[in-house]
Structures are given as C-alpha cells and as structure tokens.
Amino acid sequence: MELMFAGLALGGLYALLAMGLTLQYGVARILNLAYGIFVIAAAFGAYVAKVQLGISPIVALLFSLPLGFGLGWALYSLLLLPLVRRTRAGPQLDIDSLLATFGLMFVIEGALLWIFGGNFYSYSYLSHPVYIAGTPVEANRLVVILVALALTLLLHVGMNRTRLGLAVRAVEVDPATAVLAGIDARTISALVFGVGGAVVAVSGVIISMFLPFSVSMATEFLMKALLVVVMGGLGSISGCLLAGMTLGFGETIVARFIDPGLTLAVNFGLFIVVLSVRPAGIFGRTV
Amino acid sequence: MLDVSGLSVSYGMHVALAEAVLKVDRGEVVVLLGANGAGKSSLIKALAGLVRYVTGAHIRLGATDLTRLAPHQIVGAGLACVPEGRGVFGSLSVRENLTLGAYSATDHVRFRDRNELVLALFPKLKMRLRQSVQTMSGGEQQMVAIGRALMSGPVILLLDEPSLGLSPAASDELFAAIRRIADLGTGVLMVEQNARRSFAIADRAYLLENGAIVRSGNVNTFLDDRVLIRAYLGGD
Ligand SMILES: Nc1ncnc2c1ncn2[C@@H]1O[C@H](COP(=O)(O)OP(=O)(O)OP(=O)(O)O)[C@@H](O)[C@H]1O
Ligand SMILES: [Mg+2]
C-alpha cells in the first residue's frame, strides 16, 4: 500500500515532467535541452519562497503556472523564433536549436551553481502522515499525485476536446497542411512552449516538496523526461501518463526490494522492452 | 475575383514560372494544363503563399492584396488550396479534418451550413466521420482534402491534380463534384493532366509551357486545335 503511493507519486512526477517536453518536442519540433535545468530552477524558486520568504509551496505552485508559461513563451519567441525564421524551419533548425538550448542550459546552471552551490537542498512541508485505509502516506506525496493527475486530465481534455487543442494536434501531425487550414504554426509553437514552461514550473515546485534536489540533477530529469516521452509516443499525453507510471513503479519496486542503485538500469530496461514491443511508443502513431 | 499578373517563381537560377497572368471568377472551373515540369504546381503554390515568388507580383482576391499576407492568412482571405499529393491530416479523423478546415472561419452558423454542404457533395464521408483519414482510399482522401478546403468557405479553390491516382470512375465522380462546387459559387482553378475528362466540366483553360502561359481561352477553342489535342488530350 505504502509502496503504491510512493510509486504513484514518482510516476505522476515523471508523467508530468514528460508532458511539457512531449508538447514542446512533438509540436514545435524543438528539443529543449534546457528543460531539466528549468525544473531545478523552479525547485530552487519554491525553496527560496518557502525558506526565506515564508510563502507556502501551494501558493508558489499557483504563481509558478503563469510565470512558467510566460518564461516558456518568451523562450520560444525571443530565442528560438529567430532561429526558426533564419533556418525556415529546415534541417539546420535542429542543430541551431540544440546549440541554443544547450547554451541556455549552461547559463542557467552556472547562475544556479553560483547562487546555491552544488549541495542538495530540501525543506519539510506537509511531511506528516495521512492515513488512507490504515496506511500512513506523507501528505506531500498526496499533493504530488493529485496535482499530476489534475494536470494530466487538464492537458488531455485541452488537447482532445477543444478547438485550440485540435489546432495543436494538427501542427503536430502535419505542419504543412496546418498552414493550409489557416493555422499559424509559430503561434501554436509559442503557446506550446508556454504550456511546457508552466508544466516545468509545477514539476519543479512539486519536486522540491518531496525530494532533495541539487543543480546536478537537471540532466537526470531531462533524461527521464525524454525517456518517458519516447516510451509514451511523441506528443501523446496519455502515453506520458502510462509510461511515467511504468517508470515510477518500476523504480520504486526495484529500489525497495533489490537495490536503489539499479534504478537507472531499470529505466533503460523498461525503455528497451517497451520500444521493442511498440517501436512508436505506447500510444505512438506509426508514421 | 482572383486577379494575377507578373507572377514569377525561381528556384535558384532555374525559372519555373515567368510573368504569369491569369484570372479566375466565381462560379467557373478553370483548368491549368501543361507538361511535366511546366510550372503548374509552382503557380498553385505561389498563389497559396507556399513558395517565394519574385517581388512585384500582383495577386488580388477581390479587394484584398494577397501578396501582403502570410501563408496562413491567405485561407482566411478566401483562397483555399489542396496541394499536389492531397493535404489531409492523415492520423486525424474525417470530422477533425473538416473542423480544422474551418479554423480560419469564426462564425458557427456557417460552419453548420458548410459541413452540410461538404457531406452533401461527398455523401460517402457521412458514414466515416470517425475514421482516421490515412486508412481511407485515395479517392476518399481526396474528398476529405477538398472538403477540408471548402470548410473555410473559399471564394476561390485551388486544386493541384485532384484526380492523380484515381480510377476513371472515381475521377468522373470527383469532377462532377467539382462542377457542383463551382455552380454553387466558388471559382475553381485546377491543375489537371487528365485534360479530356477535366475539359468536360471546365469553362476555360490556360496552357503552360516551360514556365510561360502560352495560351488561354474557352475550352472549346482548345478542343478545336488538333495539335493541342494530340499533345495534351491523347490521341485525336
Ligand atoms: N523546390 C524546388 N527546387 C528546385 N527546383 C524545383 C523545385 N520545385 C520545382 N522545381 C522545378 O521547377 C520546375 C516546375 O516544377 P513544377 O512542380 O511547378 O512543375 P509541374 O508543372 O507541377 O510538373 P508536374 O506535372 O510533374 O507536377 C521543374 O523543372 C522542377 O524541376
Ligand atoms: Mg505538379
């Protein structure tokens, strides 16, 4: 029972992390290498808010949504859009945008290291147990699970039940035809980067609530998000949820019963199994 | 309605279209005829804003200057395009494709009307609204593509080789639908290799040779010309 909640929390977190990336990568076709460091930056933001300003992480969570959206939007519009224009979204864009986001990653990482150093940080928030069917569960885990599920639902509905979501999917499946339908792929890409930014910010705040974090974890989060994105199928929200949960539960179970050092091996083991059964990911389309 | 002059397209040193002049009015079907590589697709793509053309071109749709618009704005201005090789969202459903076609239009009353119109033109789509387009036959996909374009309520519809890969029966069915579209008020400019079939429903035609429009006129005047018939209509 306790194991189940630990798995759900970790899985929910991975799913959430991957959702922002799957949208950015799947729709705007830009792999944002600074994704992981933004997550850590948001975690530090929540830390400073809680420890130095006395702002509750729940409040920080609410503020992080518009802030993350704005930053994501700005990242696309100010840094990436000029590259999209210059390369006319051709093959050169892949290389240019990788370099640009890689560079951005180093800048933010440098700034965070300068301010906070390389140590692990954590604070205690809602760490008292709540009893569910007689099992003690830390309250912050429940927050993680609820937020992850709520955002998944929101994004899923947004993508599949709204006009704007349909336009986003149209750009994702066929940017050239989207133009013919009167959809501006650049506006949609900026929007999607904003949504990704909001998801990043929420993920970072959530991580700070229940895991010790350090600047060095940025790459790990980027890797895990990427793993989940590929496993779930590029652009698929429900795929993220399923793949994220698979990974979260796999890791939790192995860490508990075998050895915590094996989590990375489990990650890639699951990754290979899923992709050998379904090469395009769990919900992937065969293109 | 659609009024074009001085339209030139170059790919590097290669001139694919030189100083094209043409007109398409509401309610007429105009065929663009020409050999492979003559520049037909380049002309269609230039009109839709999908390839760069030499500056100084004049492209007007009614009072709107299309040369000032971004590609995604051209649809909203009233010029819809079905490019060579379709232009459907393969992994989306028929219904989603049609809904997306109306993305640039904002009035929901007319959405209903257009949706009905498309389903009346292509009744086969009615039973398949939930089907993913990539699983449909070539002819059915072409119906979806044209339906998608019609959903924006265009004044002028551009079609690049709509009958490509279709059986003779399916082509006839498609051409009949295109004639109906024009009769309902939309002007159609279509590229066709299948000149004999398309001339049966067309009003006028342009002939492109090596990037230049060398001839234009009523389809009857084309049918009277034996040399042309041999070159483009096959046999005599
Ligand atoms: N992207 C491109 N880059 C370079 N040259 C091109 C490009 N697109 C077309 N061309 C050239 O421009 C000329 C006209 O091409 P276009 O596609 O307009 O011909 P078309 O009349 O549509 O031919 P088809 O009947 O084969 O479809 C051809 O010589 C072609 O090789
Ligand atoms: Mg062509």
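In chain B, strand S1 (residues 2–11) and strand S4 (residues 58–61) run antiparallel to each other and are joined over 4 bridges. Strands here are DSSP runs (E) of at least two residues and helices (H or I) of at least four, numbered from the N terminus, and two strands count as paired if DSSP finds at least two bridges between them. Within this pair, Asp3(B) faces Arg60(B) of S4(B). The model is a predicted one, in which local features need pLDDT of at least 70 and side-chain atom pairs count only at pLDDT 80 or more, while totals for chains, interfaces and linings use all residues. Residues are numbered from 1 along each chain as its sequence is written, chains are lettered from A and ligands numbered from 1 in the order in which they are written, and side-chain values use heavy atoms, with hydrogens and water left out.

The S1–S4 pair belongs to an open sheet of chain B, built of 4 strands in the order S2-S1-S4-S5 with antiparallel pairing. At its edges lie S2 and strand S5 (64–65), each of which pairs on one side only.

Another strand of chain B, S3 (residues 29–34), pairs in the parallel sense with two partners. With strand S8 (residues 187–191) of chain B it shares 4 bridges, and here Val30(B) has Leu189(B) as its bridge partner. With strand S9 (residues 204–209) of chain B, S3(B) shares 5 bridges, and Val31(B) stands across from Ala205(B). S3(B) is also well hidden: 6 of its 6 residues are buried, a term for under 20% relative accessible area, with exposed meaning over 50% and partly exposed the range in between (1.4 Å probe, protein chains only). On one face of S3(B) the buried residues are Val29(B), Val31(B) and Leu33(B), and on the other they are Val30(B), Leu32(B) and Gly34(B).

Next come the ligands. The magnesium ion (ligand 2) has Ser41(B), through OG, and Glu84(B), through OE, as its protein donors at 1.9 to 2.5 Å. Ser41(B) sits in helix H1 (residues 40–47) of chain B and Glu84(B) in the loop between strand S6 (79–82) and helix H3 (94–101), so the pair ties together parts that are 43 residues apart in sequence. Donors are N, O and S atoms within 2.8 Å of the metal (3.2 Å for Na, K and Ca), and sites may look incomplete because water is not among the atoms. Ser41(B) counts as buried at 15% relative accessibility, whereas Glu84(B), at 42%, counts as partly exposed.

Both donors reappear around ligand 1, where Gly37(B), Lys40(B), Ser41(B), Ser42(B) and Glu84(B) come nearest of 14 residues; a residue is near if one of its heavy atoms lies within 4 Å. H1(B) gives the largest share of this shell, 3 residues. By class the shell holds 4 nonpolar, 7 polar and 3 charged residues. Oxygen atoms of ligand 1 lie 3.2 Å from a side-chain N or O atom of His14(B), 3.2 Å from a polar backbone atom of Ala38(B) and 2.8 Å from a side-chain N or O atom of Glu84(B). Of the 640 Å² of accessible area that ligand 1 has on its own, the protein covers 62%.

In chain A, Asn140(A) is placed in helix H5 (residues 139–161). Asn140(A) counts as buried, with 3% relative accessibility, and its side chain reaches the backbone oxygen of Tyr125(A) at 3.1 Å.

Note on methods:
Polar contact = N/O pair within 3.5 Å; in protein donor to acceptor, adjacent residues only side chain to side chain. Areas by Shrake-Rupley, 256 points an atom, 1.4 Å probe, with all protein chains shown as cover. Nonpolar A, V, L, I, M, F, W, Y, C, P; charged D, E, K, R; others polar.
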